[in-house]
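Colleague: I would like a close look at a single part of this model. Please take the aromatic side chains, and then place them in the rest of the fold.

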Amino acid sequence: MSIDSRLSPLDEATMAPEQRRVLDAILSGPRGNLDGPFLAWIHSPELADHAQRLGAFCRYGTRLELRLTELAILFTAAWWQSQAEWQIHAPIARDAGVDEAVIEALQAGREPAFARDDEALVYRLGKTLYTTRRVDEALYAEAVAAFGEPAVVELVGVFGYYAFVAMTLNVFEVRRGSEPLPFPEPPAGPSHA
């Protein structure tokens, strides 16, 4: 899979030792590739080092089922309209058990009709957090009752980490080769209000 971006290409022959160390850590970890935001982060080895460790935990180490983690990631990708994040995680979410109708609704910007209460709760938590920047007492209590306090902390971490990923992918225009884009690109224009 070829990756395109607006970043200057990495040249393994001229890579700094810190970049090489972080690249080796990423390639030998559970991801095994420099896909997604790592293409950008490797330009700042210290950021890449910290981010890849946090990302490995958020993706593989939380108390949440992979299905719920991937749902939170897809919701975030749709919220930010992050092309590569969606392209990477939609197939993973499918394989983890997220229903195709839920995936299609998220991509279209519609509220999905959830068959599972835990998925509806993850969606409501993410939407409330992103929309209001807060979570009210009733929703917080419902999430803690359903998942436990440590898992709610981790779920908020997943939303935050993947928002960081989405911002990185959007700013550096990371694309996965010739795959069709899942979201329309915003019109070009002034970048400030």
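How many aromatic pairs does the structure hold?

Modeller: The model is a predicted one, and the structure holds 13 aromatic pairs. One of them is formed by Y130 and F159, whose ring centres are 5.7 Å apart with 75° between the planes, an edge-to-face arrangement. Y130 belongs to helix 7 (residues 117-132) and F159 to helix 9 (residues 149-171), so this pair ties together parts that are 29 residues apart in sequence. Both partners are buried: Y130 and F159. The pair is also part of a wider group, since ring pairs link Y130 and F159 with F75, W79, F114 and Y123 into a cluster.

The general point behind these values is that a pair of aromatic rings is described by the distance of the centres and the angle of the planes.

Now the frame around the cluster. The protein has 9 helices and 2 strands, and from the N terminus the order of elements is β-α-α-α-α-α-α-α-α-α-β. Its radius of gyration is 17 Å, close to the 16 Å that the globule rule gives for 193 residues, so the protein is as compact as a globular protein of that length. The C-alpha trace spans about 55 × 35 × 35 Å along the principal axes. Of the 193 residues, 45% count as buried. Among contacts with a separation of 6 or more, 67% are between residues 24 or more positions apart. The accessible surface comes to about 10200 Å², and carbon and sulfur atoms hold 55% of that. As for charge, there are 17 positive and 27 negative side chains, with the centres of the two sets 2 Å apart.

Helix 7, which carries Y130, also contains R124. R124 is partly exposed, at a relative accessible area of 33%, whereas Y130 is buried. Setting aside neighbours within four places in sequence, R124 is in contact with L139 and E142. The C-alpha atoms of R124 and E104 are separated by 17 Å, with their positions 20 residues apart along the chain.

The loop between helix 7 and helix 8 (137-147) contains R133. R133 counts as exposed, at 62% relative accessibility. Its phi is near 70°, a positive value in a residue other than glycine. Similar wording applies to E173, where phi is near 50°, again positive in a residue other than glycine. E173 sits in the loop between helix 9 and strand 2 (175-176), and it is partly exposed, with a relative accessible area of 35%. For background, most residues other than glycine have a negative phi.

A last loop to look at is the one between helix 4 (66-80) and helix 5 (83-96), where S82 is placed. S82 is buried, with a relative accessible area of 0%. Not counting residues up to four places away in sequence, S82 touches A77, A166, L169, N170 and F183.

To return to the part you asked about: the pair of Y130 and F159 is edge-to-face, its two residues are buried, and it joins helix 7 to helix 9.

Terms used: Residues numbered from 1 in each chain as written. Predicted model: local features only at pLDDT ≥ 70, side-chain atom pairs only at ≥ 80, totals over all residues. Heavy atoms only, no water. Phe/Tyr/Trp six-rings, centres within 6.5 Å; stacked < 30°, edge-to-face > 60°. Helix = DSSP H or I, 4+ residues; strand = E, 2+ residues; numbered from the N terminus. Buried < 20%, exposed > 50% of the residue type's maximum accessible area, 1.4 Å probe, protein only. Rg over C-alpha atoms; globule rule 2.2 N^0.38 Å. Contact = heavy atoms within 4.5 Å. Areas by Shrake-Rupley, 256 points an atom, 1.4 Å probe, with all protein chains shown as cover. Lys, Arg positive; Asp, Glu negative; His and termini not counted. Charge placed at Lys NZ, Arg CZ, Asp CG, Glu CD.
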